[in-house]
Amino acid sequence: MSDDMFDFGFTAVDETELKAVQKTQALAQDAEKTALGNQEKLDKLYNAITPLLNNLKQNPEKEYILWPNRIEKVDQFEDYLRKIYNS
């Protein structure tokens, strides 16, 4: 590289271009935060539902499931899922 071609690696921009870049970067950061929050919710929902499904699959040769206090347990699980969904 010759000495007269060294440009220090920057480009001049006007105020409008700078504001557009800053706005785009702020929007990208907001979108990233939203995406991470949604991923966390999905992970929590998946981790809450998986044990239920695994328990239901246990002993498939048995025709009936013994589930004492079923309504109370289902209501508690619904509340838990609602809490995750609304967080």
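This report walks through a pocket, a nonpolar surface patch and a few loop residues in a predicted model.

## The largest pocket

Let's start with the empty space. The largest pocket holds about 190 Å³. Around that space sit Pro51, Leu52, Asn55, Leu56, Ile65, Trp67, Lys73, Val74 and Phe77.

Two helices do a good part of the lining: H1, which runs over 15–57, and H2, which covers 70–86, each bring at least two residues to the pocket. H1 has the largest share, with four residues. Sorted by class, the lining comes out as seven nonpolar residues, one polar and one charged.

## A nonpolar patch on the surface

Now for the outside. Ile49, Leu52, Leu53, Leu56, Ile65, Trp67 and Val74 together make a nonpolar surface patch of about 560 Å². Helix H1 is the top contributor here, giving four residues to the patch.

Some names turn up twice. Leu52, Leu56, Ile65, Trp67 and Val74 belong to the patch, and they are also in the lining of the largest pocket.

Leu53 is a patch member that you'll find in helix H1. Its relative accessible area is 45%, so Leu53 counts as partly exposed, a label that runs up to 50%.

## Ile65, in the loop

Ile65 is worth a stop of its own, as part of both the pocket lining and the nonpolar patch. This isoleucine lies in the loop between H1 and H2. Is Ile65 buried or exposed? With a relative accessible area of 56%, Ile65 is exposed, because that label applies over 50%.

You can also place Ile65 against another residue of the pocket lining, Asn55. Ile65 and Asn55 are 10 residues apart along the chain, and their C-alpha atoms are separated by 9.9 Å.

## Two asparagines with positive phi

The loop has a couple of backbone details to look at as well. Asn59 lies between H1 and H2, in the loop, and its phi is near 50°, a positive value in a residue that isn't glycine. Asn59 is partly exposed, at 41% relative accessible area.

Asn69 is found in the loop between H1 and H2 too. Which sign does phi take at Asn69? Phi is positive there, about 55°, although Asn69 is not a glycine. As for the surface, Asn69 has 52% relative accessibility and so counts as exposed, with the cut-off being over 50%.

Methods
Residues numbered from 1 in each chain as written. Predicted model: local features only at pLDDT ≥ 70, side-chain atom pairs only at ≥ 80, totals over all residues. Heavy atoms only, no water. 1 Å grid on protein atoms, 1.4 Å probe; cavity = no way out; pocket = protein on both sides within 12 Å on 5 of 7 lines; lining within 4 Å. Points joined across faces, edges and corners; volume = space filled by probe spheres on them. Nonpolar A, V, L, I, M, F, W, Y, C, P; charged D, E, K, R; others polar. Patch = residues over 30% accessible without salt bridge, like charges linked within 9 Å, V, L, I, M, F, W, Y side chains within 5 Å. Areas by Shrake-Rupley, 256 points an atom, 1.4 Å probe, with all protein chains shown as cover. Salt bridge = Lys/Arg side-chain N within 4 Å of Asp/Glu carboxyl O. Buried < 20%, exposed > 50% of the residue type's maximum accessible area, 1.4 Å probe, protein only.
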